[in-house]
Every structure is written in structure tokens, then in C-alpha cells.
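Here are a few exercises for getting to know a new structure. Try each task yourself before reading the solution below it.

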Amino acid sequence: MKNSRTGAVGSRIDGRIGGAVDRGAAVRFTFDGVPVTAYAGESVAAALFAAGIRDLRKSPRAGTPRGMFCLMGICQECVVWIDGRRRPACQAAVREGLAARSGTIDGPES
Ligand code: FES
């Protein structure tokens, strides 16, 4: 998946604030098979956003891209597939080796 802002394939850590932020250890996970580098303690949604990945799933009716909206577990716009379950990306913590997938309500995209 390409970075929707820069066009680069996204495993870069570049969308975060700089300065004196005490971050956790770097961890790597994948989204639709694309490696993403994050920091322990971040949500999957925050890490994807920082990597420039905004399209998390397709709407069930129109098939249009959907992404993060509330970032507090209410709207369900950020739902992705993690470990075979639909989960809001903003409510799932990153961990080393986590494999997240985009998809629809019926299942992850293949
Ligand atoms: S962005 Fe609304 S539930 Fe995740």
C-alpha cells in the first residue's frame, strides 16, 4: 500500500511530532503485507496514520475507501482485521509481528 501523502510505500516513521517525546521501543508489524514501523504503546491506527496509510477498509455498499474518524472507538470507521477478528485499529495496540489486513465486513481482502 502506498503512502497517500507522498506516494512512497510506507514503512517510514515520519508523521509523528518531534521533540522531547518519550517513545516506546520500535516494533514492526504489517498492514496488507506491507511492513510498518511503529513504537510500543501506539495504536495500530496511529502507527498507520504516521506511516501515511489512510485507507483502512472499503465501504460495504460503494466500495469507497474508509479511514480513521473519531480515534476513540466510537465510529468503527477504522475497523481492520487483526488475528482473524474485526477490530477498530484505534483500539488495538501495535505489537511485534502483528498482521493487520484491510477488508470489508465479510472478511479481509485477499
Ligand atoms: S476511528 Fe472511530 S472507532 Fe476508530
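**Exercise 1. Find the stretch where pLDDT stays under 50, and decide how to read it.**

Step 1: This is a predicted model, so confidence comes first on the list of things to look at. Scan the values along the chain: over residues 5–12, pLDDT stays under 50.

Step 2: Look at what the model does there anyway. It has 21 contacts beyond four places in sequence for residues 5–12.

Step 3: Where pLDDT is low, the predicted coordinates should not be read in detail.

Step 4: Now take in the whole protein. The average pLDDT is 86, and 85% of the residues score at least 70.

**Exercise 2. Work out the order of helix and strands along the sequence.**

Step 1: Count the elements. There are one helix and nine strands.

Step 2: Read them off from the start, and you get β-β-α-β-β-β-β-β-β-β.

**Exercise 3. Describe how β1 and β2 pair, and what sits in the turn.**

Step 1: Locate the strands. β1 covers residues 26–31 and β2 covers residues 34–39.

Step 2: Check the pairing. The two run antiparallel, joined over six bridges. Try tracing a couple of partners: Arg-28 is opposite Thr-37, and Thr-30 has Pro-35 as its bridge partner.

Step 3: Look between the strands. With two residues separating them, β1 and β2 make a hairpin.

Step 4: Pick out Asp-32, which lies in the loop between β1 and β2. Its phi is positive, near 50 degrees, though Asp-32 isn't a glycine.

Step 5: Is Asp-32 buried, exposed or partly exposed? A residue needs 20 or more C-beta neighbours within 10 Å to be buried, and 12 or fewer to be exposed. Asp-32 has 19 inside 10 Å, so Asp-32 counts as partly exposed.

**Exercise 4. Do the check again for Gln-76.**

Step 1: Place Gln-76. You'll find Gln-76 in the loop between β4 (65–66) and β5.

Step 2: Read off phi. For Gln-76 the value is positive too, near 70 degrees.

Step 3: Count neighbours. Gln-76 has 16 other C-beta atoms within 10 Å, so Gln-76 is partly exposed.

**Exercise 5. Put the strands of the open sheet in order and find its edges.**

Step 1: Five strands line up as β2-β1-β7-β5-β6, with mixed pairing.

Step 2: Look for strands that pair on one side only. Those are β2 and β6 (85–88), the edge strands.

Step 3: Follow the turn of the sheet. From one strand to the next, the twist averages 40 degrees.

**Exercise 6. Find out what builds the largest nonpolar core.**

Step 1: Start with the members. The core has 24 residues, and among those touching the most other members are Val-44, Leu-48, Val-80 and Ala-100.

Step 2: Ask which elements contribute. At least two residues come from each of β1, β2, α1 (44–50) and β5 (79–82), and α1 gives the most, with seven.

Step 3: Zoom in on Val-80. Beyond its neighbours within four places in sequence, its contacts include Val-44, Leu-56, Ala-89 and Ala-100.

Step 4: Put this in context. In soluble globular proteins, nonpolar side chains tend to be buried together. Here, buried residues make up 28% of the 110 in the protein.

Terms used
Residues are numbered from 1 along each chain as its sequence is written. This is a predicted model: local features need pLDDT of at least 70, side-chain atom pairs count only at pLDDT 80 or more; totals for chains, interfaces and linings use all residues. Two strands pair if DSSP finds at least two bridges between them. Helices (H or I, at least four residues) and strands (E, at least two) are DSSP runs, numbered from the N terminus. Axes are lines fitted to C-alpha atoms, for helices over the stretch in contact, and angles run from 0 to 180 degrees between N-to-C directions. A nonpolar core is a set of buried Ala, Val, Leu, Ile, Met, Phe, Trp, Tyr and Cys residues joined through C-beta atoms within 7 Å. Two residues are in contact if their C-beta atoms, placed from the backbone, lie within 7 Å. pLDDT is the predictor's confidence in each residue, from 0 to 100.
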